[in-house]
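Please read the points below against the sequence and the coordinates. They cover charged pairs, aromatic rings and backbone angles, in that order.

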Amino acid sequence: MSVSIILLAQHEQLLEMCLSRIRMYTDAPYDLIVVNDGAIDEPESKWLSKLDCTVITNEVPVGVAKGYNQGASAAKGERLVFLRDHMIVSEGWLNSLSVCLDRYEDAAMAGPYSNDVSGEQHMAVACGNMQQLDHTAKALQLTRTGHCKKVNRLLSGFLLVKRNAFELVGGFDERFGLEAFEDDDLCYRLLKEGFSLYIAEDCFVRYLPPPPLFPDDPLWYNRQLERNRVLAKEKWGVNINEALNRWGRPVTVSLCMIVKNEEATLERCLSNVRELVDEIVIVDTGSTDGTKELAARYADRIADFEWVDDFAKARNYAFSLATKEYILWLDADDVVLPEDAEKLRAVLSSLEWNVDSVSMHYNLSFDEEGRPAASLRRNRLVRRERNFQWIGVVHEYLKVSGNIMYSDIGITHRRMHKNSTRNLRIYEARLASNETFTPRDTFYFANELRDNKQWERAAAVYEQFLQMPAGWVEDKISACARAADCLAELGRLSEAKNKVIQSFAYALPRAEQCCRLGYYFMQSGEYEEACLWYEQALALPKPSEPNAMIELACWTWLPHLQLCVCYDRLGRREQARSHNEQAASYVPNDSRVLANRRYFQNILESSEVMRNERQEAIPL
């Protein structure tokens, strides 16, 4: 692929260094065009001709857009390198940038990392001399070879561009004058044509602060920036920086799943999602039923993984087989309902360029009408190139970072299997081998003990977790609540109440914990106290933590329903009836609400009969 290097020369004191590094570190053949835009007076520019290059000299500086276009017109290459004389290359620079354009059919431009520049290309490293430049460049080549990062914007200071894409959009817009916004404008036009932009993550060039073009006018650049900001908005009708930051485009998705003996649920899962994804990867961990045969009807790839009692290893292996931009993960007993499928389709059709993960609701239980009663969040869709890893042998989690989009998409969990002792057996084996548990391991071990009704042991392990200084605060809150339930099962209600109150030390009270306290007081017949806690549940704001476990019933209808019972026990039937009707505003067809309504109607009718009887007994 032929390459032309177009160098915009505006500073004589920087030009020779820039040129010498290009000659030193450019292995591939290239033709060089130097646009002398005020760097060297014409009589003194003869030395440039000795460099076997094309020289274009402007009598008056024309700036970036026009200077680059002049060079492109004289260039012969199928790919164009645009750079300014204050950008200093490093070894292997052209190969690194070329890899991005070679790898991705949609790629129009690639750029390097650099010091002291803006946006995604900025790398915070010391680069005060050539030795630091070379060390940084070498480190990236060792650690990020071949890695490319899709971005929404590249700076015009240093670009490798496919000539056909550049010409398709008409080159740089010369209305932007000397500089500023010509790069944003070019990026925006390329993105609108369906092209993509990339940073070569193993390429680093040095930015040298250039001398001012107009030393006697220190405010000229600020005026130029404001002028071109207005010009760009007039041209496009939007703030171009904001438009680029919100830029969305269709993305490709690999669905990755691990399965074992899931023939009862797998088709239900895959049939709901196959039209939403571009690739389905199924990793089987030892099925003995018809799971693999069923998977073959949907999957692009089926792989076997020898089960080693480690969910994270299996999931990481499944992720390693994905080939698309993003990875979606599901379990076989998960379902994407039609309304959520449409939401997911909309997100995938225009996902903002810099999203690393999309968090979705995970709906775990449902009320009588099928509405979510309990839910939490999971990072469900992740950018593959970020190489996020699963952590944890059991109850694994996906460790993500970066820009997380919190969506209103829901994944519905429809469990068909009964509770298994598999997870508990894994924990017990690890414990028997004297393995050290992390705080998270300890919390989930306690959960397994609780799920298997080992109340005494579960309460003790929850307490062990709570005594640990480390641990996610949401797990601490849950541990207090679940330990309380274990103590209540053991008949230790007073301790259970105290354990719930302990959760208030970690965050503001939650409706779930207030409802739990209300229930304990109801169990002991302390209805006034129960009312206090249920009323408190209704007054609380929802937690600001987006990943908090939410039992929706506790924040809506459940406190009202329980207050109906408590106030009825206290003989305050009008308050009781009122709370039942407030519960009905959330769950109008709930069997308990309807039964309460009949109960109050019967009381009303009985009272009416009694009043009539009393009236008849009064003598005339």
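**Notes on side-chain pairs and backbone angles**

1. A salt bridge joins the side chains of Glu456 and Arg492, at 3.1 Å from N to O. The two residues come from distant parts of the chain, 36 residues apart: Glu456 belongs to helix H16, while Arg492 sits in the loop between H17 and helix H18 (493-502). Glu456 has a relative accessibility of 48% and therefore counts as partly exposed. Arg492 is also partly exposed, at 28%. Please keep in mind that this is a predicted model.

2. How many salt bridges does the structure hold? The total is 47. One of these pairs is Glu179 with Arg84, whose side chains meet at 3.2 Å, N to O. Glu179 is placed in the loop between H6 and H7 and Arg84 in strand S4 (residues 79-84), so this salt bridge ties together parts that are 95 residues apart in sequence. Both Glu179 and Arg84 are buried.

3. Arg450 and Asp451 also form a salt bridge, with 3.7 Å between the closest N and O atoms. Arg450 is partly exposed, its relative accessibility being 24%. For Asp451 the value is 40%, so that residue too counts as partly exposed.

4. Some charged side chains are joined in a network. Salt bridges link Asp173, Arg175, Asp185, Arg189 and Lys235 in this way. As general background, side chains of opposite charge can pair when their charged atoms come close.

5. Lys476 deserves a separate entry. Is this residue, in helix H17 (residues 473-489), buried or exposed? Lys476 is buried, and it has no salt bridge. The nearest side chain of opposite charge is that of Asp475, 8.8 Å away, whereas the cut-off for a salt bridge is 4 Å between the side-chain nitrogen and a carboxyl oxygen.

6. What does the side chain of Lys476 reach at 2.6 Å? The partner is the backbone oxygen of Met468. A polar atom of the Lys476 side chain also lies 3.1 Å from the backbone oxygen of Ala470. In addition, Lys476 is placed over the face of Phe465, at 4.3 Å from the ring centre. With neighbours within four places in sequence left aside, the residues in contact with Lys476 are Phe465, Leu466, Met468, Ala470, Gly471 and Tyr506.

7. A further charge over a ring is found at Arg414. This residue lies over the face of Phe366, and the distance from the ring centre is 4.4 Å.

8. The count of aromatic pairs comes to 24. Trp220 and Tyr221 make an edge-to-face pair, with 5.8 Å from centre to centre and 85 degrees between the planes. Trp220 has a relative accessibility of 11% and so counts as buried. Tyr221 is partly exposed, at 33%.

9. Phe443 and Tyr462 form another ring pair. Their centres are 6.3 Å apart and their planes stand at 55 degrees, so this pair is tilted. The pair links distant parts of the chain, 19 residues apart, with Phe443 in helix H15 (residues 439-451) and Tyr462 in helix H16 (residues 455-467). Phe443 is buried, at 2% relative accessibility. Tyr462 is buried as well, its relative accessible area being 0%.

10. Which residues do ring pairs link into a cluster? The members are Tyr68, Phe82, Phe166 and Phe172.

11. Two backbone angles should be checked. Most residues other than glycine have a negative phi. Phe181 is not a glycine, yet its phi is positive, at about 75 degrees. The residue is in the loop between helix H6 (163-168) and helix H7 (182-192). Phe181 has a relative accessible area of 5% and is therefore buried.

12. Asp309 is the other entry under this topic. Its phi is positive, at about 55 degrees, although the residue is not a glycine. Asp309 is located in the loop between strand S13 (301-304) and helix H12 (311-320). With a relative accessible area of 38%, Asp309 is partly exposed.

Technical notes: Residues numbered from 1 in each chain as written. Predicted model: local features only at pLDDT ≥ 70, side-chain atom pairs only at ≥ 80, totals over all residues. Heavy atoms only, no water. Phe/Tyr/Trp six-rings, centres within 6.5 Å; stacked < 30°, edge-to-face > 60°. Buried < 20%, exposed > 50% of the residue type's maximum accessible area, 1.4 Å probe, protein only. Helix = DSSP H or I, 4+ residues; strand = E, 2+ residues; numbered from the N terminus. Lys NZ or Arg CZ within 6 Å of the ring centre and 35° of its normal. Lys, Arg positive; Asp, Glu negative; His and termini not counted. Polar contact = N/O pair within 3.5 Å; in protein donor to acceptor, adjacent residues only side chain to side chain. Contact = heavy atoms within 4.5 Å.
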